[in-house]
Amino acid sequence: MSKKKQVTFADIAEYTNFSKTTISRYFNHPDSLTLENQEKISQALDTLGYKKNKLAKVLANGKSEFIGIIVPNLYLHYYSEMLTQFLSSYRDYHYKFLVFVSEHGAEEEQQYIEELLSYQIEGLIVLSHTLPSEKLASYQIPVIAIEREAEHISSVNTDNYMGALQATSLLIRDKCDILIHINVNVNKSAPAYDRIWAFQATCEEYHVPYDIDLSVKGASYHELLDVIREIFNKIESKYPDQKKGIFLANDTYANMFLNLIFQKYGTFPSTYEIVGFDNSPIASEAILPITTIGQQINVIAKTAMDLLVQQMEEQKKRVPKPLGEPIHKQITPILIRRNTTE
């Protein structure tokens, strides 16, 4: 079966008796044509079976309708859910996404950004912590950071302090004997450091015994699980008979910890309470639905897209006015009580 010939501007011009310049204006500046001529060309496109050549449009006006996204990984459920929210935003914003997972350092991430720029991305969303915001700002395209250092670029974050305060206060109200926060060794410049700070400050304010374990690390789900297992065994040994309130940095860690409890006890004993962070799908789908601090991931994604689209549309103006200062937005978290707290 012979391949159907691609309809060209020349074919449309010949069919309508318009010039190729007029046909080009129809696609790029239709308001410059009369409604009658627009209708004639539109009917011709239907008759000829014309399919839009988006690549040609990119080459013509330099606007790709692409947004780059860089995430640190996809084994933490927060990042996969955030990515899902962005990808589903096409119906509202009509931008497409090119996604890279950056796991191997600054040099690799710079290569990814160069690759994205070669595709003429119009904006960039960065969730990784690899490159400083000053470097990201130097690329001269609109950039939005989510949950990372963002002194020189715009950002959208959860109010991490408020979220950790909610989690810690709940465990205190439930009369846990010892409160334990489990996290990575977060850089103080990262918004998520506020989870550690708020936990410690709240425990000290209410004179509650606490422990902070920042030993979590790993480049894969299985490496993380091995570390969480070590932490679990240490807690079991150190606080065997006390009621333990465990506040974990995200729902993936919380689900791992919960599974380890069930593997040992076959049930969820009264000596444990667990609170996660994010409200990614794993929290509600766990073997026992997990109490968590909801980040309103859908609201964060929408706010980030609104902010990015606003800046990208400004860039398209004949005389764009760049932002004088980065815009930083903070989204309020919501405590979602489920079965892992009383």
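Which residues of α12 are buried? In this predicted model, the buried residues of α12 are Asp251, Thr252, Tyr253, Ala254, Asn255, Met256, Phe257, Leu258, Leu260, Ile261 and Phe262. The points below take up helix α12 and its packing against α11, then the pair α2 and α3, helix α14, and two loop residues with positive phi.

**Helix α12**
- With 11 of its 15 residues buried, α12 is largely enclosed by the rest of the structure.
- From its first C-alpha to its last, α12 reaches 21 Å, which is close to the 21 Å expected for its 15 residues at 1.5 Å a residue.

**Packing of α11 against α12**
- Two packed helices are described by the angle between their axes and the distance between the axes.
- Helix α11, made of residues 221-238, packs against helix α12, made of residues 251-265, at an angle of about 55°, and their axes are 10 Å apart.
- An angle of that value makes α11 oblique to α12, and the crossing in which α11 passes α12 is right-handed.
- On the α11 side the contact is made by Tyr221, Leu224, Leu225, Ile228, Arg229, Phe232, Ile235 and Glu236, while α12 contributes Thr252, Tyr253, Asn255, Met256, Phe257, Leu260, Ile261, Lys264 and Tyr265.
- Sorted by class, the residues of this contact between α11 and α12 comprise 12 nonpolar, two polar and three charged.

**Tyrosine 221**
- Tyrosine 221 is found in helix α11, and with a relative accessible area of 28% it is partly exposed, because buried residues lie under 20% and exposed ones over 50%.
- When neighbours within four places in sequence are left aside, tyrosine 221 is in contact with Tyr75, Thr252, Asn255 and Met256.
- Tyrosine 221 and isoleucine 144 are 77 residues apart along the chain, and their C-alpha atoms are separated by 27 Å.

**Packing of α2 against α3**
- The axes of helix α2 (residues 20-28) and helix α3 (residues 35-48) come within 11 Å of each other and cross at roughly 90°.
- At that angle, α2 and α3 are therefore roughly perpendicular to each other.
- The residues that meet are Thr22, Ile23, Tyr26 and Phe27 in α2 and Gln38, Ile41, Ser42 and Leu45 in α3.
- By class, this contact of α2 with α3 has five nonpolar and three polar residues, with no charged residues.

**Helix α14**
- Helix α14 runs over residues 297-315, and its 19 residues should span 27 Å at 1.5 Å a residue, which agrees with the 27 Å that separates its end C-alpha atoms.
- The buried residues of α14 are Ile297, Ile300, Ala301, Thr303, Ala304, Met305, Leu307, Leu308, Val309, Gln311, Met312 and Glu314.

**Loop residues with positive phi**
- Most residues other than glycine have a negative phi.
- Glutamine 140, a residue other than glycine, has a positive phi near 60°, and its place is in the loop between α8 (133-137) and β4 (143-146).
- Glutamine 140 counts as exposed, because its relative accessibility is 64% and the cut-off for exposed residues is over 50%.
- Asparagine 279, although not a glycine, likewise has a positive phi of about 60°, and asparagine 279 lies in the loop between β9 (272-278) and α13 (281-285).
- With a relative accessible area of 28%, asparagine 279 is partly exposed.

Terms used:
Residues are numbered from 1 along each chain as its sequence is written. This is a predicted model: local features need pLDDT of at least 70, side-chain atom pairs count only at pLDDT 80 or more; totals for chains, interfaces and linings use all residues. Side-chain values use heavy atoms; hydrogens and water are left out. Helices (H or I, at least four residues) and strands (E, at least two) are DSSP runs, numbered from the N terminus. The expected span of a helix is 1.5 Å times one less than its number of residues. Buried means under 20% relative accessible area, exposed over 50%, partly exposed in between (1.4 Å probe, protein chains only). Axes are lines fitted to C-alpha atoms, for helices over the stretch in contact, and angles run from 0 to 180 degrees between N-to-C directions. Angles under 35 degrees count as roughly parallel, over 145 as roughly antiparallel, 65 to 115 as roughly perpendicular and the rest as oblique. A crossing is left-handed if the near helix is turned anticlockwise from the far one by less than a right angle, and right-handed if clockwise. Contact means heavy atoms within 4.5 Å. Ala, Val, Leu, Ile, Met, Phe, Trp, Tyr, Cys and Pro count as nonpolar, Asp, Glu, Lys and Arg as charged, and the others, Gly among them, as polar.
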